[in-house]
Each structure stands twice: as structure tokens, then as C-alpha cells.
Amino acid sequence: MEELLAKAEAWIEDDPDGVTREELAGVLEAAVGGSADALADLEDRFRGFLEFGTAGLRGRIGAGPNRMNRAVVIRAAAGLARFMTDALAELGAPGPGRVVIGYDARHGSHDFALDTAAVMTAAGHEALLLPRTLPTPVLAFATRLLDADAGVMVTASHNPPQDNGYKVYLGGRIVTDEGQGAQIVPPYDAEIAARIAAIRSVESVPRAADGWQVLGEGVIDDYVARVATLGGDLAPVAARRAATRIVLTPLHGVGGETIERVLRSAGFTDLHTVVEQAEPDPDFPTVDFPNPEEKGAIDLALALASSVEADLVIANDPDADRCAVATMVDGRWTMLHGDVVGSLLGERVASMTPAGSHVLANSIVSSQQLGAIASAHGLGHANTLTGFKWIGRTPRMVFGYEEALGYCVAPELVRDKDGISAALLMADFVSELKEAGRSLSDAIDDLARAYGVYLTSQVSARYADLAEIPATMARLMASPPATLAGSPVVATDDMSQGFRGLPGTTGLHLAAESGARVIVRPSGTEPKVKAYLEVVVPVSGDDVAGAKAAAAETMEALRADVTTALGI
Ligand SMILES: O=P([O-])(O)O[C@H]1O[C@H](COP(=O)(O)O)[C@@H](O)[C@H](O)[C@H]1O
Ligand SMILES: [Mg+2]
């Protein structure tokens, strides 16, 4: 207790931000005054420094080392600056590194980006700041385009309004292999974290008052031009594209303007954006969670699609690296699972790629259908750990995706997921189908005919108390279910020991005799435990409907088993 109070006092003393200083002083006073809630709050704020998770640092905005605030960001930037200096010196190229910094429209994002530029500049690096709030893929693109040694994107993506975050990319001279311009993985994260931990105080970190460069519009124009031409020549497809009606929503995030520019440049002129969600708003007023995966998040878009009789709905998450696709299925507007979109795009890219050494990649928690698609087209397939930081660095990749609505259709441009280029490819596909009198739903059935029905689903548990997450994992590891949807479990793997050649990760893999598969893992971006479910049913003859019904029935039983196993 004494130690905690002393830590809090020292933190307040060193915090450059008046707002968070006052906030923490209030909590401290209440804790000293005997409030148990305030004490618990204080303990949580000082549980440790925010850690690099699935996608950089992410946490609640507020005072203390376990929160997102200016003091934490300045330390993080200083640690990264130090890492860049050391890495370049080790490479025999001592001197300034180059870093590109982007930010979304969340509370604090612009300040955090400016602090990062100030720290980088004072550390002797060349800091390039994107000119305004922009999507994450534009930052990832700029990092590669400008040959930057590092990139920073201030965003908490799809998290609730109370959160913010810090995505970190490496490239330039520091990472020169396929991972150039991808988000950091071990050992870089630990090396940067060690340098952050070595920073004694914010006060000791020099910050420049100016000297960084605010980039012009050129980099954004480049991104728009390069992405818009991904689908090839416009002339032969202009008519069908113009005839395709698309509903868009950026979900109050920063993707709206860029996706509209890209789609319009590519000939999609019949665009309808959900007005209530079109402009960036850090409070995300019309949704409970600004995550297209969450129930209800894209309801306004679906309603607009019905009223304008659209052909396709595209919803981006707030930093526009994810892309949700909705289409008419059996007469109802339905959002497609990330695995379905992944298989559709994977099949499309594969059918345009000559057989050979190119690779389709997806994460281990995504559908196994992509492997079947790759082998049918004579391509390689790679499975990676969860997170685009892993998928993005796959050698010889032509397409990569993850079930969490993340797709990389142009690895030469962006080594991360990109909800805008994926939307363009999807829109092109829908316009081609429409011209032929067909729909996405028909294309999904084609996939089932070719490869079988791969039905995936997710069960997740959200926790208020973070300690319940390791407890839930431990309980599951100790007594995993013996059957899944009535079929005996034939493989139980603790993934922390390494799994199918992948580095160790916290997770449990279960496979049933029926072919059903479940992976359970803690989220690295939200206080959740996630279970990823898959059932595979072959199609006999042309009975796609029968196979789909059988898969749905098995999935229902599987969901019930997993829900029970998670104790929710
Ligand atoms: O936040 P975003 O859109 O960048 O998405 C981030 O979080 C997702 C969920 O991760 P987890 O299951 O650990 O919460 C990851 O799949 C993704 O690669 C990562 O970039
Ligand atoms: Mg995102």
C-alpha cells in the first residue's frame, strides 16, 4: 500500500498533462481516505506499463502506467526512438532514422501523435507526421512508400470510446525482409519494451518544440491512385461498376473520405454513406461498440441498404483496416463472416495467380478452407499466429486474411490488413457477379461445391475483472471438454508449447473425430476470451443446402458445448 501510494505520487509529479495529473490526484486522495473502490482503481492503474499485445499498446485513456495518456506515450515514443538509434548503429548505419506517424480521431490521438513527433525529433530522428486523421492502412502504406525505419499509428481501432492505442511498424533499414512495413513481432516488441522500461521519468525525455515535417497530400493521393487501380483497367469494367450500388459506413471512424475517393476513382459512382456515421466522432454515438463484429453495429447500414436496394454493404472499422461485407442471403441483409469473405477473396486472388510458389496465408484461428483453395490452385498455404503482425510478414504472400474481418489483397502496397483495398476487390467481384445475373450468395455456394461447407463461428466472454481471463484459460486447460457436438475429442493441444511449427502462444486447440475444431485464446486487444469454432461438411452430389443445414445443426451443438465450457 505504502509503495503503491508512493508510486502514484511520483507519477503525478512527473506527468506533463494537467488533466491526468488531477485525475490521479483525485483517485489517490479517495484511496487514502479509505475508499476500497479507489484503492482497487489505483492498483489497476499501476499493475504495470501497458504491454505490446496483438496490435501494439492498447488500453483505457486515463492516468497511470497501465493506461493510455501523454506520459505513457512519451515513454513509449522515447523507447522506440532509442530502439531505432540502437538498431541502426548495430547495422553499421548510425545516425537519424525515419519514422512516419499517423493518428485517428479518438480522444487524445492528435496530442499523442504530436508528442511522438516531438520525442522522435529531439532524439535526432526524422519525424514525418501525416497531415490529418487518416486510416491505418494509409500509415502502413506511407511507412513502406517513404522507406521509413518505423511507423506509428495512434488508434484503438474498433475498441470502445474510452480506449486508445499505439500500433508500431518497422521497415526501412531495420526490417528488410517480407516483414518490411509490418507491425512488430518478437523480439522487437521485447527490445522496445526493455528500452521503455529503462526510462526513469518523462521529465528526462527531451521533446522538441518543432522540427518535424507535416506531410502533404501527396502520400494520400498516391495511396488512392495505387489502390484504385488494383482491379486493372477501368474502361472494360466501368459500366458494370457504375451499375453497382454500394452502401458504406466508416462507423464514426476515419475511413469515410478515403474509401469514397478510392471507390469513385475506380468507377464506383453509386455510393450511399450512412450519414449519421459518416464523420469521425470519438464518442461513436450511434453504436454500443464501434466494431462491425459486434451485434447491431452495422444495423444502420443494413437499413439503408434495404431502403436504397443496394447490391453490397461495406462497413469499415474506425481505423479502416477491417472490412465487413453484408449481402442479401435468402432475402435478408446479412453480414458475412470474416472467413467467408476471406475464402471468397482468396479464391478470386488464387484464380488470377499462376500456380507456383505464391502463398495464401491466414491465421490459425481462421478457416481451414483457405488451405483447400490454395492446394486446388497449386499455390502454397501458410498458417500463422493470430494478428496481422504475423500474417503480414508471410514470404511470397499474394493474399492473406484473418477471421476478424482483416484482409491483405495487395501486400506490395500494405503489409497489414487494409479495409479499403479489400472493399474495392469485393465491390469489383459483386459488380462482375451482378452483370452475370448472379450474387455473392451464389459465389458462396460455388465455394461449398468446390471445397465443402466450412462453417465458422465465434463464442466470446467479456470480463470486467482481468484476473478472470487467465483463470478461465487455466480451468479449460485443466479440464477440457471430452466431446464436441457429440463427437469425441481426439486432440487436445496446449498451444503455449508451440503448435504445428508456430511459436508458443497462450491457447488451447481441440479437434473432434467429426472434424470439428475449436481454439480458445485470450484476446490481445480487449478484455475477452475468444473461442473460434469450425465444422466441415462435404457436399454430396449437388446438395449444398443439405450440407449447409447439417453444418448449421452441428455448429449449434458446438456453440452450446463451448459456451458451457467457458462458463458463460
Ligand atoms: O484492432 P485491429 O482492427 O487492428 O485488430 C487487431 O486485433 C485483432 C483481434 O485481436 P485479438 O483477438 O487479440 O483481440 C487481430 O486479429 C488483428 O490482427 C489486430 O490487428
Ligand atoms: Mg482496426
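# Briefing: a magnesium site, a ligand and their surroundings

Asp321 and Lys417 are both buried, where buried is under 20% relative accessible area, exposed is over 50% and partly exposed is in between (1.4 Å probe, protein chains only). Asp321 is one of the residues that coordinate the magnesium ion (ligand 2), and the side chain of Lys417 has an N or O atom 2.6 Å from an oxygen atom of ligand 1, so these two residues are a handy place to start your tour.

A word on conventions: this is a predicted model, in which local features need pLDDT of at least 70 and side-chain atom pairs count only at pLDDT 80 or more, while totals for chains, interfaces and linings use all residues. Residues are numbered from 1 along each chain as its sequence is written, chains are lettered from A and ligands numbered from 1 in the order in which they are written, and side-chain values use heavy atoms, with hydrogens and water left out.

**The magnesium ion**

- Four side chains coordinate the magnesium ion (ligand 2): Ser157 through OG, and Asp317, Asp319 and Asp321 through OD, at 2.0 to 2.1 Å.
- Donors here are N, O and S atoms within 2.8 Å of the metal (3.2 Å for Na, K and Ca); water is not among the atoms, so sites may look incomplete.
- Along the chain, the donors of the magnesium ion (ligand 2) have the spacing S-x159-D-x1-D-x1-D.
- Asp317 and Asp321 are both buried.

**Ligand 1**

- There are 20 residues around ligand 1, and Thr54, Lys167, Ser523, Gly524 and Thr525 come nearest; a residue is counted if one of its heavy atoms lies within 4 Å.
- Asp317, a donor to the magnesium ion (ligand 2), also has a polar side-chain atom 3.3 Å from an oxygen atom of ligand 1.
- Polar contacts are pairs of N or O atoms within 3.5 Å; within protein, one must be able to donate a hydrogen and the other to accept it, and residues adjacent in sequence count only if both atoms are side-chain atoms.
- Phe388 meets ligand 1 through its backbone, with an N or O atom 2.8 Å from an oxygen atom of the ligand.
- Lys417 uses its side chain, placing an N or O atom 2.6 Å from an oxygen atom of ligand 1.
- On its own, ligand 1 has 460 Å² of accessible area, and the protein covers 99% of that; the areas come from the Shrake-Rupley method with a 1.4 Å probe, and for residues only the protein chains shown count as cover.

**Salt bridges**

- The whole structure holds 39 salt bridges, each a side-chain nitrogen of Lys or Arg within 4 Å of a carboxyl oxygen of Asp or Glu.
- Asp321 and Lys417 form one of them, at 3.2 Å from N to O.
- This pair joins distant parts of the chain, 96 residues apart: Asp321 is in the loop between strand 10 (312–316) and strand 11 (323–329), and Lys417 is in the loop between strand 16 (406–408) and helix 15 (419–435).
- Helices (H or I, at least four residues) and strands (E, at least two) are DSSP runs, numbered from the N terminus.
- Arg348 and Asp428 also pair up through their side chains, at 3.1 Å from N to O.
- Here the link spans 80 residues, from Arg348 in helix 12 (residues 338–351) to Asp428 in helix 15.
- Both Arg348 and Asp428 are buried.
- Glu126 and Arg98 make a further salt bridge, with their closest N and O atoms 3.0 Å apart.
- Glu126 lies in strand 3 (residues 126–129) and Arg98 in strand 2 (residues 98–103), 28 residues apart in distant parts of the chain.
- Glu126 counts as partly exposed because its relative accessibility is 32%, and Arg98 is partly exposed at 27%.
- A network of salt bridges links Glu23, Asp41, Asp44, Arg45, Arg47 and Arg67.

**Around Ile259**

- Ile259 belongs to helix 10 (residues 256–265) and is buried, since its relative accessible area is 3%.
- Beyond its neighbours within four places in sequence, Ile259 is in contact (heavy atoms within 4.5 Å) with Leu248, Ile314, Asn316, Gly419, Ile420 and Ala423.

**Backbone features to check**

- Pro186 and Pro187 are joined by a cis peptide bond, with omega about 0°.
- Pro187 sits in the loop between strand 6 (182–183) and helix 7 (188–197).
- His252, a residue other than glycine, has a positive phi near 70°; His252 lies in the loop between strand 8 (246–249) and helix 10 and is buried at 2% relative accessibility.
- Ala485 likewise has a positive phi, near 50°, in the loop between strand 18 (483–484) and strand 19 (487–494); with 24% relative accessibility, Ala485 counts as partly exposed.
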